[in-house]
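Open your viewer and keep the selection box handy. We will go from stop to stop, with a note on what to look for at each one.

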Amino acid sequence: ISDQKPLGCWSVKHGQILTCPVVCNFETHEYIAVHDDKVLRIWKNEDINLDKAFKATLSADVYRIHSLPQGGPLVLFRAGAVRTLDVLLEAPQQEIENVVSDEVIRWSGAFMEGQQPVLIFTTEKDGDFFVYVQKPKLSSLHRYKLEQQESAKPLCFTAHITNQTATLLCLYSNDSVYQVLIPLQQDTEEEQEEEEEILSKSLLLNLSVSGAVLKGTSLVVPDKDHVAVLGSLAAPGKEPRECLTIWNAKFQTLQTSKELPLGTSGQLWCYEEKFFLIHGKVLTVILYKCETSSLAAAVGKLKDSKTPDVSLFLNWNTLEDEELVVSFQSQESVALKAESRMNLRSRRSTVAEEQPDTLSVGQLLLNLKGSSTYVLETELRKLMAKAPTPDLQATIGCVVTALTDRCKRNPKYYPQNFLQQIVETHDLSYSLCPDLMALALEKKDMPLLQMCLERFPDIPEEVIYTCLKAFLSMSDAHLQTIDVNVDSVICYIDVELDDKEVKTEIVENGFSAEMDQDMCDTKIPKESHFRSDGESCPVGLQKAALLNAVLHSAYSETFLLPHLKNLPAQQAILFLRYLYYLYVKCSEKVNTTLPGIRSPTINQIMDWMCLLLDAQFTVMVMLPEAKELLSNLHKFVRAQVRFYSELNKIEGSLQELQRLNHLRESQTYSIEVLEII
């Protein structure tokens, strides 16, 4: 998520609808989806076409699939029955019993109690709510009725299990959170009880502060002492404001809150000490850390800020556009950068006692903000030279951010060597220093851009396109004056001497200048063919190295294609000529691998060639200067296809020969004649 790059995308056919959230099977690393209520799909990350993935049509409608790290996937049907995925796949058309009759499932959750998976779900019928607890591996099922609340009804649920007791939290329409305790009975074969047991509830939280009422839409449980509620805060005489609030359930206090001005979808998720919510048009991730809850922390009266009894830490920086200042000292409290405008019942201690010898990275950078250039670089080098820590990458990111901020304030300042040294010696990413590449483009620092493209795994497609355009627009004469790393091209690029070129005939992979002259309507003279696209590199050594760095960048075709459509026609032709040159060079080798360090692979070359043709095909067809290039490319590809087609014809014979070699005794000499039919 921090890289902002999609790693995979799958879609169902037109007319089909995904009817429950897709989950991951932790045991097999497979994805599981259900479309059109009954059709189960299972596939792996490397699968491309969802229509070719495993398919099983079930006999009943699925409500939801829950995946547990140790318990495996559980399938909950709309009829209330539960099956483990393994049992279901043994007989997909097995009969599914009706457990809930006319009731409608409103919420479900899966948990682990020891080694046994437990599934809890709530249903509604005629205004009454019911709770079901199932242990599918033990064939255990219990049904309870939820105690009614006058003039209020449940809006959403969440739950957690501790000490063989399930705690169900219910957010009601009267702006209150109630808790219900459900004992997890130990009987393994007990049938559903005839008498209906009614579960009583107790008030846990009243979601109001100083006259302002929180109209909650979703709640989750970060730990046993805290509740996170997403909703709209309505104060008398003011417009409602959506916000995320954290409540201390143990001491009935509002711990902290954050206003969400761009609006939300009303949904909140919690997983591995992270909150997930939709804020505006983006998915926002907020880190948190829950520690021991104490009354002093809840009311903001901690005597010693260095004690570990800070009840909750939230990193609100994911919602801010301000400068990121983070404390990396575990014994320090961290101040929230922006507190809510609400009058909180409690306020935490927000400033830790500063230790003279162990300043946090954020505080050190603030202290160096007005220092001289020499002092700044000296202190930053000392900071990076410290012993490696788990937060080293984030520390280096803060260092680079401090340098880029200094460059923005002082246009004459640009520590080129320092920045190149940092990128070359540390594993950074674009998300840790998002302004670095923009600064390098502004300063036309091609070596730094080359390093970033080769090392950063998460560069946005717009930045990749901007770098590509900048590289293609620079003249080869100017690039010769720049110290660009040419290790990726020096081993295979052709060098011309006095306009004469030493050529080698290409015959290894089934292509030569004389073969298949009738395969294309356009007749190209042999010398012209080699000069324009076959052997001569269309760009200089330095530009080829920079373009190779672009080819190595990770990208998503969906996001890169719109930018490539804006590439000027002449630059697009030049780039395609270089890609074609690389394609021919790869085809000279039996293993289709170019020599050199970080040389592009045949797959990278083909992917970029197809992507560029998709984006610029209309322009290419219309431009006369592109006609010869497209014709040569078409001819070469057809020759390759024909060659591999001939190889496919003798594949069976080659496999038989390989089998015979395994059977033959190694010390026996023989001459055999194999007839290839």
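## Stop one: a run of paired strands

Select Leu-230 and look across to strand 20, where its bridge partner is Leu-244. Before going on, keep in mind that this is a predicted model, in which local features need pLDDT of at least 70, side-chain atom pairs count only at pLDDT 80 or more, and totals for chains, interfaces and linings use all residues. Residues are numbered from 1 along each chain as its sequence is written, and side-chain values use heavy atoms, with hydrogens and water left out.

Now widen the selection to strand 19, residues 226-234. Helices (H or I, at least four residues) and strands (E, at least two) are DSSP runs, numbered from the N terminus. Two strands pair if DSSP finds at least two bridges between them. Add strand 20 (residues 241-248), which runs antiparallel to strand 19 and is joined to it by eight bridges. The hairpin between these two strands has six residues in between, and Gly-237 in the turn shows a positive phi of about 80°.

On the other flank, show strand 18 (residues 212-223), which pairs with strand 19 in the antiparallel sense, again over eight bridges. Here Ser-218 has Leu-230 as its bridge partner. A hairpin of two residues makes the link from strand 18 to strand 19.

Is strand 19 enclosed or open? Seven of its nine residues are buried, so the rest of the structure largely encloses strand 19. Buried means under 20% relative accessible area, exposed over 50%, and partly exposed in between (1.4 Å probe, protein chains only).

## Stop two: salt bridges

Stay with strand 20 and select Arg-241 together with Glu-259 in strand 21 (residues 253-259), 18 residues apart. Their side chains meet in a salt bridge at 3.4 Å, N to O. The term stands for a side-chain nitrogen of Lys or Arg within 4 Å of a carboxyl oxygen of Asp or Glu. Glu-259 is partly exposed, at 22% relative accessibility.

Next, pick Asp-37 and Arg-78, whose side chains form a salt bridge of 3.8 Å, N to O. Asp-37 sits in the loop between strand 2 (30-35) and strand 3 (39-44), and Arg-78 in the loop between strand 6 (72-77) and strand 7 (82-84), so the pair ties together parts 41 residues apart in sequence. Asp-37 is partly exposed at 24%, and Arg-78 is partly exposed at 39%.

Then try Lys-13, Arg-41 and Asp-51, which a network of salt bridges links. The whole structure holds 14 salt bridges.

## Stop three: the nonpolar cores

Select Met-437, Phe-456, Tyr-578 and Trp-608: these have the most contacts inside the largest nonpolar core, which has 83 residues. Such a core is a set of buried Ala, Val, Leu, Ile, Met, Phe, Trp, Tyr and Cys residues joined through side-chain atoms within 4.5 Å. Helix 14 (residues 569-588) gives the largest share of this core, 13 residues. Zoom in on Met-437 and, leaving aside residues up to four places away in sequence, find its contacts (heavy atoms within 4.5 Å), among them Tyr-430, Leu-449, Phe-456 and Val-463. For a second, separate core, of 31 residues, select Leu-40, Ala-56, Ile-65 and Leu-74, which it includes.

## Last stop: helix 5

Finish with helix 5, residues 392-409. Its buried residues include Thr-395, Cys-398, Ala-402 and Arg-406.

Key: The expected span of a helix is 1.5 Å times one less than its number of residues.
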